[in-house]
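Work through the exercises below with the sequence and the structure open side by side. Each task is followed by a solution in steps.

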Amino acid sequence: MRGEPSCPKCGGRVRAPGLFSDSWQCDVHGTVHPVQPVIPPSVDALNVVVHRTRVPLWMPWPLPVGWLFTGVACAGDDRTGGRATAVACTGPGPLGGMGELILVAEELGVGLGARYAGMDGPDPGPHMDVGKPPQAKVLAAGRPTPLWHVAGAPGDRAVFAGEALGMWLWAVVWPEQSGLLMYDELVLADLREAGAEVELVPCGALSPRLLQP
């Protein structure tokens with residue numbers, strides 16, 4: 001899975017543009033923006049995505065105490081630019097043990113956030129009750145950003161979603177009880193705007209969550 005592009009919605013193999021199609025194709029989902037091979041977490045890996053993406057690259061900044069950057073994924077290609085990004089972080093959970101967080105920014109219909117959330121359908125809208133107060137809030141690029149609980153996800157994780165800078169923002173947290181992290185009003189930075197501060201990001205081992213089908 002790490003060595004070739006994959007479908008953002010199911011993780012399956014995709015066919016490159018060719019004689020009969022000018023877009024990437026999944027046998028199940030048709031035209032997609034391919035997820036590029038995931039490389040081990042490093043400042044260089046972040047810089048590759050920063051220079052490719054057309055959507056935000058969200059990371060808690062500063063990272064919570066003891067947390068590390070543990071990988072980045074990007075959906076899109078060199079022709080269209082990145083249309084979705086996923087940043088993984090790992091560290092001590094608020095109730096003990098280790099927690100994992102994946103933050104996804106994506107355009108409408110890409111489906112990468114739903115894949116990590118373990119849900120059908122590319123977008124969170126149908127699974128959010130925005131008529132009720134948001135369950136969590138973050139500060140994204142300096143702007144207060146409400147996040148709602150996304151219903152229907154597997155019980156091993158907590159899923160929240162909202163809108164930031166005109167894109168979907170997903171927050172997927174393992175285990176489910178580590179979702180308490182989202183009630184602390186995390187400050188999220190768009191790493192496209194971080195400049196030299198990207199060099200200061202502490203890196204850990206690659207999160208297997210980023211590779212899940």
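**Exercise 1: Strand S11 and its partners**

Val104 has Trp170 as its bridge partner in S11. The model is a predicted one.

Task: Determine which strands pair with S11, in what sense, and over how many bridges.

Solution.
Step 1. Start from strand S7, residues 98–106; S7 and S11 are antiparallel and share seven bridges.
Step 2. Turn to strand S10, residues 158–164, which is also joined to S11 by seven bridges and runs antiparallel to it. Within this pairing, Phe160 is matched with Ala171 of S11.
Step 3. Examine the connection between S10 and S11: the two strands form a hairpin with two residues between them. Leu165, in the turn, has a positive phi of about 55 degrees.
Step 4. Check the burial of S11, residues 167–174: eight of its eight residues are buried, and the strand is mostly covered.

**Exercise 2: The sheet of S1, S2 and S3**

Task: State the order of the strands in this open sheet and identify the strands at its edges.

Solution.
Step 1. The order is S1-S2-S3, with antiparallel pairing in an open sheet of three strands.
Step 2. Strand S1 (14–15) and strand S3 (30–32) each have a single partner strand, so one side of each lacks a neighbour in the sheet; these two strands stand at the edges.
Step 3. Strand S2, residues 24–26, is connected to S3 by three bridges. Trp24 finds its bridge partner in S3 at Val32.

**Exercise 3: Salt bridges and exposure**

Task: For three salt bridges, give the N to O distance and classify each partner as buried, partly exposed or exposed.

Solution.
Step 1. The whole structure contains seven salt bridges. The pairs treated here include Arg15 with Asp27, whose side chains meet at 2.2 Å, N to O. This pair links distant parts of the chain, with Arg15 in strand S1 and Asp27 in the loop between S2 and S3, 12 residues apart.
Step 2. Apply the cut-offs, where buried means under 20% relative accessible area and exposed means over 50%. Arg15 has 46% relative accessibility, so it is partly exposed. Asp27 has 67%, so it is exposed.
Step 3. Asp156 and Arg157 form a salt bridge at 2.8 Å, N to O. Asp156 is partly exposed because its relative accessibility is 35%, and Arg157 is buried because its value is 12%.
Step 4. In the salt bridge between Asp190 and Arg192, the closest N and O atoms are 2.7 Å apart. Asp190 is at 5% relative accessibility and therefore buried. Arg192 has a relative accessible area of 30% and is therefore partly exposed.

**Exercise 4: The chain as a whole**

Task: Describe the chain by its secondary structure, its dimensions and its burial.

Solution.
Step 1. The chain has two helices and 12 strands. Along the sequence they follow the pattern β-β-β-α-β-β-β-β-α-β-β-β-β-β.
Step 2. For 213 residues, a compact globule would have a radius of gyration near 17 Å; the 16 Å of the chain agrees with this. The C-alpha trace spans about 50 × 40 × 30 Å along its principal axes.
Step 3. Of the 213 residues, 51% count as buried. The chain exposes about 9,600 Å², of which carbon and sulfur atoms supply 56%.
Step 4. Consider contacts between residues at least 6 apart in sequence: 61% of these join residues at least 24 apart.

Technical notes: Residues are numbered from 1 along each chain as its sequence is written. This is a predicted model: local features need pLDDT of at least 70, side-chain atom pairs count only at pLDDT 80 or more; totals for chains, interfaces and linings use all residues. Side-chain values use heavy atoms; hydrogens and water are left out. Two strands pair if DSSP finds at least two bridges between them. Helices (H or I, at least four residues) and strands (E, at least two) are DSSP runs, numbered from the N terminus. A salt bridge is a side-chain nitrogen of Lys or Arg within 4 Å of a carboxyl oxygen of Asp or Glu. Buried means under 20% relative accessible area, exposed over 50%, partly exposed in between (1.4 Å probe, protein chains only). The radius of gyration is taken over C-alpha atoms; the globule rule is 2.2 Å times the number of residues to the power 0.38. Contact means heavy atoms within 4.5 Å. Accessible areas come from the Shrake-Rupley method with a 1.4 Å probe; for residues, only the protein chains shown count as cover.
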